[in-house]
Amino acid sequence: MGTLRARAGYALLAAVPLAVIALFFLYPVGGMLARGFWVDGSFAPGQVVPVFERSIVQRALWFTLWSAAAGTAGSVLLGVPVAWVLHRLRFPGRDLLRALTMVPFVLPTVVVGVAFRQLLVSSGPLGFLHLDGTAAAIVAALVFFNVSVVVRTVGSFWAGLDPRQGQAAAALGATPLQVFRTVTLPALLPGIVSAASVVFLFCATAFGVVLVMGGLRYANIETEIYQLTTQELDLTGAAALSVLQVAVITVLLLLSARAHRDTPPVTRTADLLRRPGRRHLPAFGWTLLVLVFLMAPIVELVVASLRTADGWGLGNYRALGTTGERDALLVPALVGLRNSFEIALGAAALALSLGTLVAFLVSRRPRRAAARRVVGVFDAVFMLPLGVSAVTLGFGFLITLDRPPIDLRTSPALIPIAQAMVALPLVVRTVAPVLRSIDPRQRQAAASLGAGPVRVLLAVDLPTAWRALLAATGFAFAVSLGEFGATSFLARSDNPTLPVVIYQLIARPGEQNFGMAMAASVILAAATALVMLVVERLRVGSMGAF
Amino acid sequence: MAEQPALSLIGVTVRFPSPAPGKRGETVAVDDVSLDLPAGHVLAVLGPSGCGKSTLLRVIAGLEEPDAGRVCHDGRDLLHVPAHRRGFALMFQDGQLFPHQSVARNVGYPLRLRRRPRKAIDSRVEELLALVGLPSYGDRMPATLSGGERQRVALARALAVDPSLLLLDEPLSALDRGLRERLAGDLREILARAGTTAILVTHDQDEAFAVADRMAVMRDGRLVQHGTVADVWAHPRDPWTALFLGYANVVTGPAAAALRRTTDAAASGTSLALRRSALRVDASGPLAARVLAARVTPEQIRLRLDVDGVGVVDGVAQPHEDVPVGAPVRVVMDPSRTAELTPP
């Protein structure tokens, strides 16, 4: 009887997040796709094929593939040595460096696009490179975003490797390079593959960066979907590209899941961290270079925000209380800031409550194979938002949630819900590994001592997981603050979020507007960085790792 | 065998930052250890966990840099020689086989590093697997092996390139008792047959006695005593060492004198380490005692005795003897089961 009741309980728990994701993710995305397949009320999938024959679509496809591949390769190349330094050595200031590498990942994409352009324009500090408006600049920005994913994922993997394996090899006569090639790399490979597949996913669905930096020359599938839906109103074309994207992403997620499955449970060996010595200098030098690369655009943002028409000063910040030059905005920029905070709070709360439920459920290890498969599918469903274009999601919201059965057109909950969907996989990925790492025998011990299911949760799971829960909240909050893809569809001009304000400001002419965009970007970056610094203090290894 | 030492440690010291979080300061893991090991011998470094013996082994292997002192091998200072150029081999407690490689590839690993021809590698691997008693295991993956088999494979891998020094870090501790005893005998035989100079680190005196011919006892980072196994066993340096080596009691002063006078009237009063069976119940024994506790084991009755003029010590009786708790008995000392403490 007990197991029957337990099963019913699990089913009930699973029903809540499933209902939410069905309503606010599958339904809008499905609606968006359906719009493309049903032309004038009749099912016409054949309409989709010619879309792929357009040269502009083929160019976008090709650009998506190679820019994502290059961005992934760059992130792995830059990130792996840094992962080693930040997760395998013990030195003062390490936590600060870890937090700093994490900041780019949560920076609003629009801000990053603007910051890179600031660095690279012919009058900028790196103008001599003549990279402004090139594909190389876009790839660099993609790398900028995703290095932290590699550092986190590979780093937490590396931290779990037993160093004695490499030492055994060294003692048998292997040079450091041979140790890396024959022992460390094979053990690390699942982590690298996992990181690379997620980074590829992020690069292939990058939106804000490509939109701001690509101009008219470069578009990827994501910006192409945006163009098709908003500028050309070609829903068939947009749906075709969305379907393609979902298909590719599903394959990638499956590959990533496979890499996860092949990894043995890691044992933490934190006490074996080494003090750095002189022979670690090259790795430290590399880490320093990467940090310079990660910090340069941010520093450039700060500098640009302080540059006003009449010399250096805080004029741009003061101007945030206005609507900008020639009324570029409908409301003062500060309204956007307030909106962003309110919305991010709501989104984080929603993502946390749903994500915790999901993480709890996917961290169970049922004994029956069928039940395990159900858990696996359940897990995969909640990873989908990671890969489905935020643009698709935003547009789907716009066209499906504006009439019965659900009319949220004017509801203030619309944007928080959309952002919560985007942040949900990140929360699950942060909390689930921590819950999974709890030895089930601890729960059994508590139960055998007379603790009911709730007491077990409070006594065993919560003390281990509270840091992860807190970290996930901060992470979700930071991601929501900077969310642009979905929000750009849903935020109205008279009630925008800060990233939308920034995009509106840089789209309008005027030095003052540009300065305000910079100042708003700095505030946004500072807020997200602050949240990440606090969260980093919680030392949750799974955060930002995939 | 020439007595030219193969390995010399001179004043080796290793300090670690204090493990307590937020606290500054250092703990000394290895404190001024000096030691010589002649070629062809097997040395057991014995000590309780946390005494610094594993750190000492890692220093010799080149995995840890000493804060002071020198490690010399064949007269060569190894200070700036990295682990992979020392020509040693290290075998960990849990083997540390590479899980992604088959048994044969694991054993052949050091040979491939040295770019030996494939044919030579194959035949050497076969030879080594036969040596450790695992012929035809070449294609198995480490995950499919038992703990004992894994340690044998790790041993074969460590022996593959005839290391000039074999370092063994608690090689048998992870195994269950029966297997440990069997493998200890095998290990001794394999090392003797290969003529390997080896250092074995362990907290288990039985393992040390079973495998090594020389012994060094460590405590709190310091080397307490070293010499041949027989010598250390016969002359423990202090009570702590005697008890750690497996003696049941140490008696000192007048008590020791009282015991020694039962065998040698002229004996002086140095401290005496007693094995459990040093005192035996014997109706004609010279000492009077009272039984405090008795426990029956298959081979003998283990007693706790209050011996007149000596105090509370352990003793034994034959299984058929009647020794109820509280009863007065006579006991005799077997001097071959005692050792004289010999301070430096």
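**Figure 1. Four cavities in a predicted two-chain model.** In this predicted model, the count comes to four cavities of 30 Å³ or more. The views that follow begin with the largest cavity, whose volume is about 610 Å³.

**Figure 2. A close look at the largest cavity.** Welcome to the interior of chain A: 32 residues line the largest cavity, and those closest to its centre are A:Thr109, A:Phe202, A:Thr205, A:Val422 and A:Glu483. Which helices should you look for around this space, each giving at least two residues to the lining? They are α4 (94-106), α6 (135-160), α8 (176-204), α9 (208-214), α15 (369-387), α16 (390-400), α17 (414-436) and α19 (453-482) of chain A. As for the make-up of the lining, 22 residues are nonpolar, eight are polar and two are charged.

**Figure 3. The second largest cavity, with its lining in chain B.** Here the enclosed space comes to about 80 Å³. Its lining consists of B:Met91, B:Gln151, B:Arg152, B:Leu155, B:Pro171, B:Leu172, B:Leu183, B:Asp186, B:Leu187 and B:Ile190. Two or more of these residues come from each of α4 (147-159) and α5 (177-194) of chain B. If you would like one element to follow by eye, try α5(B), which gives the largest share of the lining with four residues. Sorted by class, the lining holds seven nonpolar residues, one polar residue and two charged ones.

**Figure 4. Where chain B meets chain A.** In this view, 24 residues of chain B touch 19 residues of chain A. Together the two chains bury about 1,900 Å² between them, and carbon and sulfur atoms account for 56% of that area. On the chain B side, have a look at B:His84, B:Gln96 and B:Leu113, which lose the most area to chain A and together make up 28% of what that side buries.

**Figure 5. Polar links across the interface.** How many salt bridges are there between chain B and chain A? The count is one, and B:Asp94 forms it with A:Arg164, with the closest N and O atoms 3.1 Å apart. Polar contacts between the two chains number nine residue pairs, with both residues at pLDDT 80 or more. The side of chain B that touches chain A takes two or more residues from each of β1 (5-17), β6 (88-91), α2 (103-113) and α4 of chain B. That side of chain B comprises 15 nonpolar, four polar and five charged residues.

**Figure 6. The second largest pocket, lined in part by α1(A).** We finish with a pocket that holds about 1,500 Å³ of space. Among its 35 lining residues, A:Ala6, A:Tyr10, A:Arg364, A:Arg365 and A:Pro366 are the closest to the centre. Which element gives the largest share of this lining? It is α1(A), with 10 residues. The elements of chain A that each supply at least two lining residues are α1 (2-37), α14 (333-362), α15, α18 (440-448) and α19. In this pocket the lining has 21 nonpolar, six polar and eight charged residues. Helices α15 and α19 of chain A may look familiar to you: each gives at least two residues to the lining of this pocket, and each also does so for the largest cavity.

Notes:
Residues numbered from 1 in each chain as written. Chains lettered and ligands numbered in written order. Predicted model: local features only at pLDDT ≥ 70, side-chain atom pairs only at ≥ 80, totals over all residues. Heavy atoms only, no water. 1 Å grid on protein atoms, 1.4 Å probe; cavity = no way out; pocket = protein on both sides within 12 Å on 5 of 7 lines; lining within 4 Å. Points joined across faces, edges and corners; volume = space filled by probe spheres on them. Nonpolar A, V, L, I, M, F, W, Y, C, P; charged D, E, K, R; others polar. Contact = heavy atoms within 4.5 Å. Buried area = accessible area lost by both parts, 1.4 Å probe. Salt bridge = Lys/Arg side-chain N within 4 Å of Asp/Glu carboxyl O. Polar contact = N/O pair within 3.5 Å; in protein donor to acceptor, adjacent residues only side chain to side chain.
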